[in-house]
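Okay, thanks everyone for coming. Have a look at the screen while I talk, and stop me whenever you like.

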Amino acid sequence: MKYFLCFIVFLILQSCAVFQPKSFTNEALDEKLVTITRDSITLKEIFENNKGKQQLIQVFATYCPFSQRSFKDVIKFQKENPSFKYVFLSVDHSYFDWKRGLENIKVKGQHYYIPKKGKGKLAKFLKLKTIPRFMIVDKKGEISLFKASSVSKKVNNKY
C-alpha cells in the first residue's frame, strides 16, 4: 500500500510537469514576420542568420509598461553578454505603432513585428498569454529557456 501511494504521488507530480520544448515547430518557424524596412522574414531565416550564436529572444509590445520597464534589465544583460544575438519580437497593435514605439526603445538588436500577434502559429507554440516574455536559444538552435517573464535569475543563471 505504501508503494502504491508513492507511485500515485509520483504520477501526479509528473503530470504537473511544465511544457518545455527543446525546438520550435515547423509551423512556428515558418510564420511570416516583418522587418523594420517592411520586408517579410520567417523565424527560421532569423535563426539561420544567427546560426552558431546564443540568442536572447524577447516578445514585447512598445505600448506595454511592463515591457518598457524590462528594457533596463535587457540593456544590463547585453553589456554583460555581448556575444549573444538579441532578437526582439513585437506584438504591437499595428506595424506603424511598432515603428513609432521603437523610437523610444534603447535596446540594440534585431527587431521584428509579428503581424498575427497572439493568434498565429508562433504565439500558439509559445503559449503566449503575457508579455514581456524571454527565451534563450543556444548555439545549436535548441531552446534552453522556454519561458521567463523578466531578465531575472532564471535567465542570468542560464548563462
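How many helices and how many strands does the secondary structure of the protein come to? Seven helices and seven strands. Before going on, I should say that this is a predicted model, and every value I give you is computed from it.

If you read along the sequence, the pattern goes α-α-β-β-α-β-α-β-α-β-α-β-β-α. The protein has 159 residues, and 44% of them count as buried.

Let's start with the inside. The largest nonpolar core has 26 residues. The ones with the most contacts inside that core are Phe 24, Leu 33, Leu 43, Leu 89, Leu 122 and Leu 126. As for where the core comes from, at least two residues each are supplied by helices H2 (26-29), H3 and H6 (121-126), and by strands S3 (55-60), S4 (85-90), S6 (133-137) and S7 (143-148). Which of these gives the most? That's H6, with four residues.

Now, helix H4, which runs over residues 65-80. H4 has 16 residues and spans 24 Å from its first C-alpha to its last, close to the 22 Å expected at 1.5 Å a residue. H4 has a kink, though, of about 30 degrees, and Phe 71 is at the centre of the kink. Phe 71 is also one of the buried residues of H4, along with Ser 67, Ser 70, Val 74, Phe 77 and Gln 78.

Two of those buried H4 residues let me show you some pairs that are far apart in sequence. Take Ser 70: Arg 133 is 63 residues away from it in sequence, and the two are 9.8 Å apart in space, C-alpha to C-alpha. Arg 133 sits in strand S6. Is Arg 133 buried or exposed? Arg 133 counts as buried, because its relative accessibility is 3% and the cut-off for buried is under 20%.

The other one is Val 74. Its C-alpha is separated by 7.1 Å from that of Val 107, with their positions 33 residues apart along the chain. Val 107 is in the loop between helix H5 (95-102) and S5, and with a relative accessible area of 6% Val 107 is buried too.

Let me move to the pocket. The largest pocket holds about 240 Å³ of space. It is lined by 16 residues, and closest to its centre are Phe 47, Glu 48, Lys 51, Lys 140 and Gly 141. Which helix gives the most to that lining? It's H3 (residues 43-49), with three residues. By class, the lining comes out as seven charged, five polar and four nonpolar residues.

Next, the loops. In the loop between S6 and S7 you'll find Asp 138. Asp 138 has 15% relative accessibility, so it counts as buried. Asp 138 and Gly 52 are 86 residues apart in sequence, and their C-alpha atoms are 8.0 Å apart in space.

Then there's Asp 39, in the loop between strand S1 (32-35) and strand S2 (40-42). Asp 39 is partly exposed, at a relative accessible area of 45%. The C-alpha of Asp 39 is separated by 9.8 Å from that of Tyr 112, and these two are 73 residues apart along the chain.

Last topic, the backbone. What kind of peptide bond joins Ile 131 and Pro 132? A cis one, with omega about 0 degrees. You'll find Pro 132 in the loop between H6 and S6.

That loop between H6 and S6 also has Lys 127 in it. Phi of Lys 127 is near 55 degrees, which is positive in a residue other than glycine. Lys 127 counts as partly exposed, because its relative accessibility is 46%, and partly exposed runs between 20% and 50%.

And where is the other lysine I want to show you, Lys 117? Lys 117 is in the loop between strand S5 (110-113) and H6. Lys 117 isn't a glycine, yet its phi is positive, at about 50 degrees. With 26% relative accessibility, Lys 117 counts as partly exposed.

That's what I had, so over to you for questions.

Key
Residues are numbered from 1 along each chain as its sequence is written. This is a predicted model: local features need pLDDT of at least 70, side-chain atom pairs count only at pLDDT 80 or more; totals for chains, interfaces and linings use all residues. Side-chain values use heavy atoms; hydrogens and water are left out. On a 1 Å grid over the protein atoms alone, a cavity is a set of points where a 1.4 Å probe fits but cannot get out, and a pocket is an open set with protein on both sides within 12 Å along at least five of seven lines; lining residues have an atom within 4 Å of a point. Grid points are joined across faces, edges and corners, and a volume is the space filled by probe spheres set on the points. Ala, Val, Leu, Ile, Met, Phe, Trp, Tyr, Cys and Pro count as nonpolar, Asp, Glu, Lys and Arg as charged, and the others, Gly among them, as polar. The expected span of a helix is 1.5 Å times one less than its number of residues. The bend at a residue is the angle between axes fitted to the seven residues ending there and the seven starting there. Buried means under 20% relative accessible area, exposed over 50%, partly exposed in between (1.4 Å probe, protein chains only). A nonpolar core is a set of buried Ala, Val, Leu, Ile, Met, Phe, Trp, Tyr and Cys residues joined through side-chain atoms within 4.5 Å.
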